[in-house]
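Trainee: Could you take me through one part of this structure slowly? I'd like to see how you look at it.

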Amino acid sequence: MKHWSCWLPGLDTLRRYEAAALPRDVFAGLVLATMLVPVGIAYAEASGLPGIYGLYATIVPLLVYALFGPSRILVLAPDSALAAVILGAVVPLSGGDPLRAITLAGAMAIVSGTICILAGIVRLGFVTELLSKPIRYGYMNGIALTVLVSQLPKLFGFSIESDGLLRSLRAIAGAILEGKTNWVAFGIGLGTLVAILLLRNNKRLPGILIAVVGATVVVSALDLGPQYGVTVLGPLPEGLPGFAVPRIGYNDILPVMIGGCAVALISFADTSVLSRAFAARLGTQADPNQEMIALGAANLATGFFQGFPISSSSSRTPVAEAAGARTQLANVAGALAIALLLLAAPNLLRHLPNAALAAVVIAGAIGLIEVADLKRIYRIQQWEFWLSIICFVGVAVLGVIPGIGLAIAIAIAEFLWDAWRPHSAVLGRADRVKGYHDITRYPDARQIPGLVLFRWDAPLFFANAEFFKERVMDAMAKSPTPVRWLVVAAEPVTSVDVTAGDALAKLDEALHAQGIELCFAELKDPVKDKLKKFGLLAQLGEHNFFPTVGAAVSTYLEINNDVEWEDWEK
């Protein structure tokens, strides 16, 4: 049973907290809040929701993660990677009703949170590792492109009615050609975007804050809203989020469940990678299962307090670190600062232009795009690069949620293919090299007359049992001499299931009928224990199991003393 401090790391941190760290944490929280406010509003609107809900979805997760999160400085908040998923699920169902949209988004957060908590409790924190890096790059690049395109109309100062990436691109191009661009709004948005990108790598200057404040001041001072049609955020509702149970219709359940599952996958994949990176940097131990529970608790809480799905942030966590954050109290301070803004100064951002918010989201989407590492992958293994491209096209063409489903299907197929059709080898004795080696790698290797040494480089289970038999029979058919013994070099075999065990039993019977002995060398004890349960140890005989390939060869030569074989090493 885990101690309570393992389930609630925040309380343990508070119990051990050193007062000397408080000024740094408070300062870091205030700095963090200045970035979280515009980003939260921007990502809410990118998700098809009113901007105020982005602040609700910032305050609650910061507080909850401070209690449940194992990382000292990780920041959870609305994220650009989730915006396209939420938008894709919410817009078709909400019918343009903002209250219905936030209800659906809140339900998605609850689904996502529940999945993460359950997965963390049963210790499934490893599941996202089943998604290979190229596949992850593929769907994230697709999401980034989808998010970027969705914000172009706001950047150009007009609106479009379309669904899907390709249709949106056509509609945007058509609107530009028809002269619908608001060049003043575009200039403000473009200037904001350039400022953010130029200051992105500067740890001392808060680029997003500077760019957004600058755009807001320009619009307010020059009165660009009424005069030039530059749309602005407007006043925010005063007050804090209240508890509300999202009530959705029967027809909404399936799409909300699918969207929630997609959110859970993406958010935990990002969070697990980020938490491990910062744990390594800070010299602490990452806990993927507790991380999943904390992420789930944050999503569950924000779903019940008028928020929407959130994730960790690779752009805001470094801000907290650079500002001197020592513990999660920095996030608490940031949450309280945002709450104070809503209570005391809700009109502070009323002149914030929508084009600037679009620029914030576009900058975030650009940060998701991975090109350099894909070039490296193309150089070293092209088929994985093309898997990434397929996932990218799937998200871009089919839509975010179907595209993620395609990525998961490809990941499962990739995993099963490696196990279904694993590498195998016939081993021989190569001069001047100790041991027995793959004869395809060592063409001059000699095979012992009458003995086939066959190595199987994977677990044996239902999907590859028949392929194992095929490879064994092929190896014996290609033997230069009549086969007396078949020795399976089984060190790579980490498991055997019932189906494979039955296949081995039938293989032994078939070989025995031909006068051929089936033997195993270097079989791991846990696997040997399984064979004993299956009755194979009794069928094959204990004497047919050898600790090493060399021991099997020596026994074979002793029993078959008519075999002409001279072994030497030079």
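Mentor: Sure, and one term before we start: a residue is called buried under 20% relative accessible area, exposed over 50%, and partly exposed in between. Keep in mind that this is a predicted model. Let's take the packing of two helices, then visit two loops.

Helix H5 covers residues 80–94 and helix H6 covers residues 98–121. Their axes are 9 Å apart, and the helices pack at an angle of about 135°. An angle over 145 degrees would count as roughly antiparallel, and 65 to 115 as roughly perpendicular, so H5 and H6 are oblique to each other. The crossing of H5 and H6 is right-handed. On the H5 side, the contact is made by Val 85, Ile 86, Ala 89, Val 90, Leu 93 and Ser 94. H6 brings Arg 100, Ala 101, Leu 104, Ala 105 and Met 108. Sort the residues of this contact and you get nine nonpolar, one polar and one charged.

Now the loops. Most residues other than glycine have a negative phi. Asp 223 isn't a glycine, yet its phi is positive, about 55°. You'll find Asp 223 in the loop between helix H10 (207–221) and helix H11 (224–228). Its relative accessible area is 36%, so Asp 223 is partly exposed. Gln 306, also a residue other than glycine, has a positive phi near 60°. Look for Gln 306 in the loop between helix H13 (288–304) and strand E2 (311–312). Gln 306 has 27% relative accessibility, so it counts as partly exposed.

How values were computed: Residues are numbered from 1 along each chain as its sequence is written. This is a predicted model: local features need pLDDT of at least 70, side-chain atom pairs count only at pLDDT 80 or more; totals for chains, interfaces and linings use all residues. Side-chain values use heavy atoms; hydrogens and water are left out. Helices (H or I, at least four residues) and strands (E, at least two) are DSSP runs, numbered from the N terminus. Buried means under 20% relative accessible area, exposed over 50%, partly exposed in between (1.4 Å probe, protein chains only). Axes are lines fitted to C-alpha atoms, for helices over the stretch in contact, and angles run from 0 to 180 degrees between N-to-C directions. Angles under 35 degrees count as roughly parallel, over 145 as roughly antiparallel, 65 to 115 as roughly perpendicular and the rest as oblique. A crossing is left-handed if the near helix is turned anticlockwise from the far one by less than a right angle, and right-handed if clockwise. Contact means heavy atoms within 4.5 Å. Ala, Val, Leu, Ile, Met, Phe, Trp, Tyr, Cys and Pro count as nonpolar, Asp, Glu, Lys and Arg as charged, and the others, Gly among them, as polar.
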